[in-house]
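Please open the model in your viewer and keep the selection tool at hand. The tour moves from the whole chain to single residues and then to a pocket.

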Amino acid sequence: MAIMSFITFGLCKKLDTTVIVRTGMIITIVGQIVGILAPTSLSVQMVSAVIRSIGWGLLAALHKAPGTTCAAQGVGNKLGVLIGSGVTTLILGSSGYDGAATTQVASVLNTIKGVYLYLPLAFAVVIFVIMCFYKLNSKNYNYIVSELEQGHYHPNAKYAPHSEA
């Protein structure tokens, strides 16, 4: 992932952010599909993890966030891991997972496959589709920021200061 961060740093200056995110999601989807093809093979799962890390490495190299957004991202990541772990625990518990059992029942194994193989694939596809319709590129972003810095607000926008007269 660190190597891809260095490679992507140069790409960030040449390519639009949405293109990089879409490319990262395609690589992540390919890596996830590789893992789905042989879910019980450790070597295939390792290759899948490397491919996915390359895809996420593309996303990790995007350093265009202001300080407040960057700080909020750290909190968001921690909350996401917390909520994701809690939901995963609830899903496994509802399927009958028993940590003390030497073997798990078929419903638990199917749930584990669904949570760790198919759910990340679904999220990557959703992110890719959203980014296909996402129209905020660097040109639009710079224009919006300059308008906000100059105090040009749409009078009916939620962020506009309303005067009480």
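What follows is a series of selections, each with a note on what is found there.

**The whole chain**

Begin with the full chain, bearing in mind that this is a predicted model. Coloured by secondary structure, the chain shows six helices and zero strands, so that reading along the sequence gives the pattern α-α-α-α-α-α. Switching to a colouring by confidence, you will find an average pLDDT of 77 for the chain, with 70% of the residues scoring at least 70. Confidence is lowest in helix α1 (residues 2–14), where the mean is 65, and highest in α5, where it is 89. If you colour by accessibility instead, buried residues amount to 21% of the 165 residues in the chain. A contact map is also worth drawing, since among the contacts with a separation of 6 or more, 66% join residues that are 24 or more positions apart.

**The largest nonpolar core**

Which residues make up the largest nonpolar core? Select Met 25, Ile 29, Ile 36, Leu 117, Leu 121 and Ala 124, which are the six residues of this core. The elements that give two or more residues to this core are α2 (17–37) and α5. As general background, nonpolar side chains in soluble globular proteins tend to be buried together.

Keep the core on display and centre on Leu 121, which is found in helix α5. Leu 121 counts as buried because its relative accessible area is 17%, under the cut-off of 20%. Leaving out residues up to four places away in sequence, Leu 121 touches Ile 29, Gln 32, Ile 33 and Ile 36. A distance label between the C-alpha atoms of Leu 121 and Val 30 should read 9.0 Å, although these residues are 91 residues apart along the chain. Moving on to Ile 36, and again not counting residues up to four places away in sequence, you will find that Ile 36 touches Leu 117, Tyr 118 and Leu 121.

**Two more stops on α2 and α5**

Is Gly 35, the next selection, buried or exposed? Gly 35, which lies in helix α2, is buried, with a relative accessible area of 0%. Beyond residues up to four places away in sequence, Gly 35 touches Gln 45, Ser 48 and Leu 117. Its C-alpha atom is 9.7 Å from that of Tyr 116, a residue 81 residues apart from Gly 35 in sequence.

Now go to Phe 128 in helix α5, which is classed as partly exposed because its relative accessible area is 22%, a value between the limits of 20% and 50%. Apart from its neighbours within four places in sequence, Phe 128 is in contact with Arg 22, Met 25, Ile 26 and Ile 29. Of these, Met 25 is 103 residues apart from Phe 128 in sequence, with 5.9 Å between the C-alpha atoms.

**The second largest pocket**

For the last stop, display the second largest pocket, whose volume is about 410 Å³. Of the 14 residues that line the second largest pocket, select Gly 80, Val 81, Gly 84, Thr 88 and Phe 123, the closest to its centre. The elements that give two or more residues to its lining are α4 (67–94) and α5 (106–133), and the largest share, eight residues, comes from α4. Colouring the lining of this pocket by residue class gives nine nonpolar residues, five polar and no charged.

Methods. Residues numbered from 1 in each chain as written. Predicted model: local features only at pLDDT ≥ 70, side-chain atom pairs only at ≥ 80, totals over all residues. Heavy atoms only, no water. 1 Å grid on protein atoms, 1.4 Å probe; cavity = no way out; pocket = protein on both sides within 12 Å on 5 of 7 lines; lining within 4 Å. Points joined across faces, edges and corners; volume = space filled by probe spheres on them. Helix = DSSP H or I, 4+ residues; strand = E, 2+ residues; numbered from the N terminus. Nonpolar A, V, L, I, M, F, W, Y, C, P; charged D, E, K, R; others polar. Core = buried A, V, L, I, M, F, W, Y, C linked by side-chain atoms within 4.5 Å. Buried < 20%, exposed > 50% of the residue type's maximum accessible area, 1.4 Å probe, protein only. Contact = heavy atoms within 4.5 Å. pLDDT = per-residue confidence, 0-100.
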